[in-house]
Amino acid sequence: MLRLDTLTATTAAAQPLAGISFDVAAGERVAVLGASGSGKSLMARALLGLPPPGVRYGGTVRLDGEDILSAPERRQRALRGPAVAMVFQEPATALNPVQRIGLQLEEPLRLHRALPREARREKVMDALTTTGLAADGVGPERFPHTLSGGQRQRVALAIALMLSPRLVVADEPTSALDSVSAARVLTLLTDLVAASGAALILITHDMDVAAKLSRILVMVEGRVVEDRPAAAVLSAPQTAAARTLVTHRALTLAARPAPTGAPIFTASLTARHRGNTILNEAAFDVRPGERLAIVGRSGSGKTSLMRAVLGLLPARGRVTLMGAPVTPGDPALRAAASLVFQDPVTSLDPRWRVDRIVAEPLERTGAPKAERQALAEAALARVGLGGLGARRPHAFSGGQRQRIAIARALVRAPKILVADEAVSALDAALRAEVITLLDTLCREDQMALLFIAHDLGLVRRFADRVLVMDGGKTVECAPPGQLFAAPQTSAARALVAAASLHQTDNHEVHRS
């Protein structure tokens, strides 16, 4: 059904795609793996004839025999939606921020289907129900900024599936989702393949998701270096790139005792937004050097809790820092804690150089410019981006932008690091690097780590304790061994049950 023949992508200075050829049969499910910057997303955009600015595609991309790249723009628009649809990696930029989600869900129907208004609205409600958004209280009147990251991703998925396309291209569709929502999204995609005979091309960093598909393509520097059945690639990789992806599923961390002593930070917070209670006496504490994972379904209040702690969301309650009472957002707390946002594309100023972005937290410290620049360069080097500070965010891949956000959070050497899905956009090798870095900071600097995570395989192996949130409340907190063996609340049981769909951990983190 789909055939790529010597697909290239060329810019004024480079050739990021250097001749890609492969076929996909109707109904086939293909995973595309590779390090950040290997060209996965650029290849995916070619399937819709959507080159980024400054990029020129060459070769052919034939869908049912028709070359998408050589077709007139009007014909390409006619194919996008009914024939081929894409779920982009970052829903924050794929959704229109000033348009209600109901209108965005209706758009494919208005453009490609002669349906009356009521029929379109009925299909929109069906899509919201199918994706679980209606159960979360998300209606067509909502705007994207009022939704959590996982909820926005499900809206993007619903738009892509609205017209039952022949080919679905999904670029990291589960990276922002909790285990329950991720399982639902993957089920929707596989159900689409079974029901309509559509093909699925899934770009993913999740090796266990890739294992469930029929084939795996491994990309390196704009080329496909391995194209074999999924089981064969994972059991006996033939190229260095594939071996790297497989071996980095296991990560060895130095053994250390569980953190003890008095908490460095405690909080019990309540917050309301537009008349709704989004945090209801959500309480927790964390000790120096402790890794506290915060888990829960999308919309459960995880990000709201962290924003309230740092004064980015108005809240009331009790907070202590190193035993002394402080208010949420107190300057002392802001000096001691740093935050890595969930969506780096929306938190990095596109006009600034990366070294200026990383140095920004130091601007009010009174440090000389040269010192700030040196600290920014050191932070970039720690996350694997040394020497790239002169570039701007658009020149980096999604995973690289996430590392820039982490470098900015680390530049002030915080006592508490709050990481909101800090590794969700990274490939296996880079995840291993970042997790190792965070582990080192916790052990050597006694930095407390609060990390929001949907990847329960990582949580189980990496966290000292796991805090479960549901409906704006903290409903359970226990060591991971205890929580995964015997969850006490319905919210924890639902997460653990969904995670069990992955028979092996995405991150087999071992202590040695």
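Is Glu172 buried or exposed? I started with this residue in the predicted model. Glu172 comes out at 4% relative accessibility, so I entered it as buried, the cut-off being under 20%.

I then looked up where Glu172 sits. It belongs to the loop that joins strand S7 (167-171) and helix H7 (179-196). Its phi is near 55 degrees, a positive value, and the residue is not glycine.

Next entry: Glu281. Here too I noted a positive phi, of about 50 degrees, in a residue that is not a glycine. Glu281 is placed within strand S13, which covers residues 276-286. Its relative accessible area is 57%, so I put Glu281 down as exposed; the cut-off for that is over 50%.

I turned to the nonpolar cores. In soluble globular proteins, nonpolar side chains tend to be buried together. The largest core in this model holds 57 residues. I listed the members with the most contacts inside it: Val358, Ile404, Leu417, Leu449, Phe451, Val459 and Phe462. Helix H17, residues 428-444, contributes the most to this core, with seven residues.

Apart from this core I found another, of 33 residues. Leu4, Leu7, Phe22 and Val30 are among its members.

Last, I checked what Val358 touches, leaving out residues up to four places away in sequence. I recorded Ala376, Ala379, Leu380, Ile404, Ala407, Arg408 and Val411. Of these, Ile404 is also on my list of residues with the most contacts inside the largest core.

Methods: Residues numbered from 1 in each chain as written. Predicted model: local features only at pLDDT ≥ 70, side-chain atom pairs only at ≥ 80, totals over all residues. Heavy atoms only, no water. Core = buried A, V, L, I, M, F, W, Y, C linked by side-chain atoms within 4.5 Å. Buried < 20%, exposed > 50% of the residue type's maximum accessible area, 1.4 Å probe, protein only. Helix = DSSP H or I, 4+ residues; strand = E, 2+ residues; numbered from the N terminus. Contact = heavy atoms within 4.5 Å.
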